[in-house]
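Me: I have a model open and want to go through its charged pairs and its nonpolar packing. Can we take it step by step?

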Amino acid sequence: MGEDASATRAYVLHPEIKSDPGRRDATAALEEGVALARALPELEVAGAQVVGLPKVHPGTLFGKGKIAEIKEWLSEADAGLVLIDGPVSPVQQRNLEKEWKVKLLDRTGLILEIFSDRAATREGVLQVEMAALSYQRTRLVRAWTHLERQRGGLGFVGGPGETQIEADRRAIDAQLNRLKKSLEKVVKTRELHRKARAKVPFPIVALVGYTNAGKSTLFNRLTGADVMAKDMLFATLDPTMRRVELPTGDEVILSDTVGFISELPTQLVAAFRATLEEVLEADIILHVRDISHPQTEAQNASVRRTLKQLDVDPEVPMLEVLNKIDLLPEDDEDYLRAMNRRDAKVFPISAVTGQGIDALLAEVADQLKGKTRDVTLTLDWSQGAAQSWLQREGVIESETQTDSGWTLQVRWTAIQQAKFEKQFPDAF
């Protein structure tokens, strides 16, 4: 972060709870916690430590001896903010803040802060604010400065001291009601846009993956777009959609989505369900993985858990894209394993160099050819050319003549539907 005098010096702690059989690798988890902290430009990471915990202390998280030791670390680092990479209860937060004389943010609060700082669309901003308010309503530890903030974030990092709980609760509830009304209007507008887009039904190919897996870099290479793509967690939040031409000449809509992360706050899973609707409606999902990351398998499991939480249809084809092979030596075991995969749904690529992308796009085209949709079309007698086109394509399942034309039961692929509507825009 450099020596920015205005930056808040933050100390990152990852509690490694020894009794938790499902705990993450402590070193990798701490690195991710530091990366989350660095994702906020106003924070400077002053230090980071894994803290082993035999058990969780209900009122303070850590034991007395460890609290005193951490206090020394904070003093030496001149830290004004502690970021704990894990859940912290309101009572624990209040007690630790009093003991250490610093502000404290847990993993959920930090991720919410980042999301608020990055959300660009109106819906994204509203969804994050609602998630943050729902989260903070249960805590009521400090004044809600983000209700009148002057920067992108939520104000957790730089807010003032304590305030009256009931006044805070009323302020939050009133703001939540206002946000819900605003969001209803935005969702209605997005629904209209989505219906308009459905009239030109290009197949949707959604990119998903762990944050920083290289989705936006791949998106930019395929579309020629200029989506923010940095070596930073959550570099892009709001979904971006662009039309892409496949090697076959067929066109698809490519959607870049928010990066997933382990232990994603439940508030955000719910809040971003609408934002991720392109994934829910996708014809194909490309799961982009950073094959060079030491925790790539754990990240893979985390993404799949999140997709399950989002109720993504398991019947939707999902291709596994092993990205960043350019970062692996060619004699590396992971590189060789990736390049020798015989699974037809696994594709080693480099979004930076372009290696492997042609094979990936060819598979996308093949998958779309085999995926069909059923629809009922009503054509009048003047639309004989459209009826003849459908006959030539062999997509008519049944046909009934009426006084004014034809009623047709059609089964076709998304690409066939897109070609039909491009050629006969008045047929729907």
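Reply: One definition to begin: helices here are DSSP runs of H or I with at least four residues, numbered from the N terminus. Keep in mind that this is a predicted model.

Me: Lys66 and Glu69 lie in which helix?
Reply: The two side chains meet in a salt bridge, at 3.1 Å from N to O. The residues are 3 apart, about one turn of the helix. Both lie in residues 64-77, which is helix α2.

Me: Is Glu69 buried, partly exposed or exposed?
Reply: Buried means under 20% relative accessible area, and exposed means over 50%. Its partner Lys66 is at 26%, so Lys66 falls in between. Glu69 has 33% relative accessibility, so Glu69 counts as partly exposed.

Me: How many salt bridges does a search of the whole structure find?
Reply: The Lys66 and Glu69 pair is a salt bridge. Another joins the side chains of Arg24 and Asp85, at 2.9 Å from N to O. The search of the whole structure gives a total of 13.

Me: How many residues apart are Arg24 and Asp85?
Reply: Arg24 sits in the loop between β1 (8-17) and α1 (26-38). Asp85 sits in the loop between β3 (81-84) and α3 (90-100). The pair links distant parts of the chain, and the separation is 61 residues.

Me: Which residues are linked with Arg24 and Asp85 in a network of salt bridges?
Reply: Asp85 is buried, at 5% relative accessible area. Its salt bridge with Arg24 belongs to a network. The other members are Glu32 and Arg107.

Me: Is Lys324 buried or exposed?
Reply: Lys324 meets Asp290 in a salt bridge, 3.4 Å from N to O. Asp290 lies in strand β8 and Lys324 in the loop between β9 and α11, so the pair ties together parts 34 residues apart in sequence. Asp290 counts as buried at 8%. Lys324 has a relative accessible area of 17%, under the 20% cut-off, so Lys324 is buried.

Me: How many residues has the largest nonpolar core?
Reply: Val12, Leu83 and Val279 are among the residues with the most contacts inside it. Elements that give two or more residues include β1, β3 and α10 (296-309). Val279 touches residues including Ala206, Ile285 and Leu307. The core's count is 38.

Me: How many residues are in the other core?
Reply: This core lies apart from the largest one. Among its residues are Phe219, Leu319, Ile349 and Ile357. Its count is 25.

Terms used. Residues numbered from 1 in each chain as written. Predicted model: local features only at pLDDT ≥ 70, side-chain atom pairs only at ≥ 80, totals over all residues. Heavy atoms only, no water. Salt bridge = Lys/Arg side-chain N within 4 Å of Asp/Glu carboxyl O. Buried < 20%, exposed > 50% of the residue type's maximum accessible area, 1.4 Å probe, protein only. Core = buried A, V, L, I, M, F, W, Y, C linked by side-chain atoms within 4.5 Å. Contact = heavy atoms within 4.5 Å. Lists of a residue's contacts leave out its neighbours within four places in sequence.
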